[in-house]
Amino acid sequence: MKSMKNIGVLFDLDGVLVDSEGEYSKFWGATGRKFNVGGETFANDIKGTTLGEILQNFPESERDGIVAALHKFEDEMEYPYFPGVLDFLKALKANGIPSAIVTSSDDTKMSFLFRRHPELLDYIQEVITGSMVKHSKPDPEGYLLGASKLGLAPEDCYVFEDSMQGVEAGRRSGATVVAVATTNSRERLAGKGKYIIDSFLQLSVKDGEVVVS
């Protein structure tokens, strides 16, 4: 990756900053099977999708129960950072590089996350949730809003994403996409983002620029 200067950084959350996608795959895989929805790939197909759109797959009479079960699951989840994430966020802040989270998660889930990680709010300037957009990824709406909230053009932002839907949303926004090979392999991500990284441990911030080692 070339050095990046005078930019903003827009992060997806699950599978990028916190290692939680596996837990969601368990929940939605089991829920899809319970209601015979979406087939074997359902949990993967909905990654990056807002809860409202996911619920459209289920009978209306079951949706409130599914939401309640999901929030109970999220309340009990751990949200471990991926290695290097917190140090990278600290370095961005120290160098005056603004950042935002752009997630399909709802506000209730985010309250659980911030209860686990209150320090995260010290390093992130803006949070865009699924309740703030009308269209799920791969629509670029969330990333366009994130850039706007930071006072930047999308072309001046880097998007960090792990899902195929999210990578496409970042690309459509006009931002430079950094694909993180956590949920998907490097081979599957090849050609989708401008850069592919395996870990935030590859990244550092020097003299106001983000570089990869």
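The exercises below, each with a worked solution, deal with a predicted model of a protein structure.

**Exercise 1. The sheet**

Describe the order of the strands in the open sheet, name its edge strands, and examine how S2 and S5 pair.

Solution. Begin with the general idea that strands of a sheet pair through backbone hydrogen bonds, either parallel or antiparallel. In this model, six strands form an open sheet in the order S4-S3-S2-S5-S6-S7, and their pairing is parallel. The next step is to look at the two ends of that order, where strand S4 (126-128) and strand S7 (195-197) are the edge strands, each of which pairs on one side only. Neighbouring strands of this sheet are, on average, turned by 20° against each other when direction is ignored. Now turn to a single pair: strand S2, made of residues 8-11, and strand S5, made of residues 157-161, run in the parallel sense and are joined over four bridges. Within this pair, the residue that stands opposite Leu10 is Val159 in S5. Finally, notice what covers part of the sheet, for helix H8 (residues 164-173) lies across S5 and strand S6 (176-180), and H8 runs at about 165° to S6.

**Exercise 2. Two packed helices**

Work out how H4 and H6 are oriented relative to each other, and list the residues through which they meet.

Solution. Two packed helices are described by the angle between their axes and the distance between the axes. For helix H4 (residues 63-76) and helix H6 (residues 107-116), the angle is about 10° and the axes are 9 Å apart. Angles under 35 degrees count as roughly parallel, and H4 and H6 are therefore roughly parallel to each other. The next step is to identify the contact itself, in which His71, Glu74, Asp75 and Glu76 of H4 meet Thr108, Lys109, Phe112, Arg115 and Arg116 of H6. Sorted by class, this contact of H4 with H6 contains one nonpolar, two polar and six charged residues.

**Exercise 3. The cavities**

Find how many cavities of 30 Å³ or more the structure holds, and describe the lining of each.

Solution. Rolling a probe the size of a water molecule over the atoms shows where empty space is left. The structure holds two cavities of 30 Å³ or more, and the largest cavity contains about 330 Å³ of space. Its lining is made of 25 residues, with Asp14, Tyr24, Gly48, Thr49 and Ser105 lying nearest the centre. Helix H1 (21-34), helix H3 (51-55) and H4 each supply at least two residues of this lining, and H1 gives the most, with four residues. By class, the lining of the largest cavity divides into seven nonpolar, eight polar and ten charged residues.

The second largest cavity has a volume of about 70 Å³. It is lined by 13 residues, of which Thr103, Ser104, Val133, Lys137 and Gly142 are the closest to its centre. This lining has three nonpolar, eight polar and two charged residues.

**Exercise 4. Two backbone details**

Locate the cis peptide bond from Lys137 to Pro138, and locate Asn36 with its positive phi.

Solution. The bond from Lys137 to Pro138 is cis, with omega near 20°, and Pro138 sits in the loop between S4 and helix H7 (141-149). Asn36, a residue other than glycine, has a positive phi near 55°, and its place is in the loop between H1 and helix H2 (42-45).

Terms used: Residues numbered from 1 in each chain as written. Predicted model: local features only at pLDDT ≥ 70, side-chain atom pairs only at ≥ 80, totals over all residues. Heavy atoms only, no water. Pairing = 2+ DSSP bridges. Axes fitted to C-alpha atoms, helices over the stretch in contact; angles between N-to-C directions. Contact = heavy atoms within 4.5 Å. Parallel < 35°, antiparallel > 145°, perpendicular 65-115°, else oblique. Nonpolar A, V, L, I, M, F, W, Y, C, P; charged D, E, K, R; others polar. 1 Å grid on protein atoms, 1.4 Å probe; cavity = no way out; pocket = protein on both sides within 12 Å on 5 of 7 lines; lining within 4 Å. Points joined across faces, edges and corners; volume = space filled by probe spheres on them.
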